[in-house]
Amino acid sequence: MYLNLKKILLIKVEDINKKEVFESDAYVKEVTNYIITNHDHKTYNKTFTVIFCVSSV
């Protein structure tokens, strides 16, 4: 596909507040659900485990 570079607009956007996103209750809930749902598969049916650190509990 050929793009006509003269028609592309440059739009400046602000960076997202990553700290706010990563500490939000909705994000923590989604990550927690993902870990619980996929734990057996990702740890080869619990034959491999790791301790990991988080910034909050």
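The legends below describe close-up views of a predicted model.

**Figure 1. Overall view of the chain, with two helices and zero strands.**
The chain has 57 residues, of which 2% count as buried. About 6500 Å² of the chain is exposed, and carbon and sulfur atoms supply 61% of that area. Helix H1 covers residues 18-22 and helix H2 covers residues 25-42.

**Figure 2. The nonpolar surface patch, about 700 Å² in area.**
Eight side chains are labelled in this view: Ile-16, Val-21, Phe-22, Tyr-27, Val-28, Val-31, Tyr-34 and Ile-35 make the patch. Helices H1 and H2 are the elements that give two or more residues to the patch. The largest share, five residues, comes from H2. Val-21, a member of the patch, is placed in helix H1. Val-21 counts as partly exposed because its relative accessibility is 36%, between the limits of 20% and 50%.

**Figure 3. The aromatic pair of Phe-22 and Tyr-27.**
The structure holds one aromatic pair. The ring centres of Phe-22 and Tyr-27 are 5.2 Å apart, and the angle between the planes is 50°. The pair is classed as tilted because 50° falls neither under 30 degrees, as for stacked rings, nor over 60, as for edge-to-face rings. Phe-22 is partly exposed, with a relative accessibility of 49%. Tyr-27 is also partly exposed, at 34%. Both residues belong to the nonpolar patch of the previous figure.

**Figure 4. The salt bridge between Glu-23 and Lys-19.**
Side chains of opposite charge can pair when their charged atoms come close. Here the side chains of Glu-23 and Lys-19 meet with an N to O distance of 3.3 Å. This distance counts as a salt bridge because the cut-off is 4 Å. The count for the structure comes to one salt bridge. Lys-19 is exposed because its relative accessible area of 55% is over 50%. Glu-23, with a relative accessible area of 48%, is partly exposed.

**Figure 5. The contact between Val-21 and Ser-24.**
Ser-24 is placed in the loop between H1 and H2, whereas Val-21 is in helix H1. A polar atom of the Ser-24 side chain lies 2.9 Å from the backbone oxygen of Val-21. Ser-24 has a relative accessible area of 26%, so the residue counts as partly exposed. Val-21, at 36% relative accessibility, is partly exposed too. The side chain of Val-21 also appears in the patch of Figure 2.

**Figure 6. Tyr-44, a residue with positive phi.**
The phi angle of Tyr-44 is about 50°, a positive value, although Tyr-44 is not a glycine. Tyr-44 is placed in the segment after H2. Tyr-44 counts as exposed because its relative accessibility, 62%, is over 50%.

Terms used. Residues are numbered from 1 along each chain as its sequence is written. This is a predicted model: local features need pLDDT of at least 70, side-chain atom pairs count only at pLDDT 80 or more; totals for chains, interfaces and linings use all residues. Side-chain values use heavy atoms; hydrogens and water are left out. Patches are made of residues with over 30% relative accessible area and no salt bridge: like charges are joined within 9 Å, nonpolar side chains (Val, Leu, Ile, Met, Phe, Trp, Tyr) within 5 Å. Accessible areas come from the Shrake-Rupley method with a 1.4 Å probe; for residues, only the protein chains shown count as cover. Helices (H or I, at least four residues) and strands (E, at least two) are DSSP runs, numbered from the N terminus. Buried means under 20% relative accessible area, exposed over 50%, partly exposed in between (1.4 Å probe, protein chains only). Rings of Phe, Tyr and Trp (its six-membered ring) pair if their centres lie within 6.5 Å; planes under 30 degrees apart count as stacked, over 60 as edge-to-face and the rest as tilted. A polar contact is a pair of N or O atoms within 3.5 Å; within protein, one must be able to donate a hydrogen and the other to accept it, and residues adjacent in sequence count only if both atoms are side-chain atoms.
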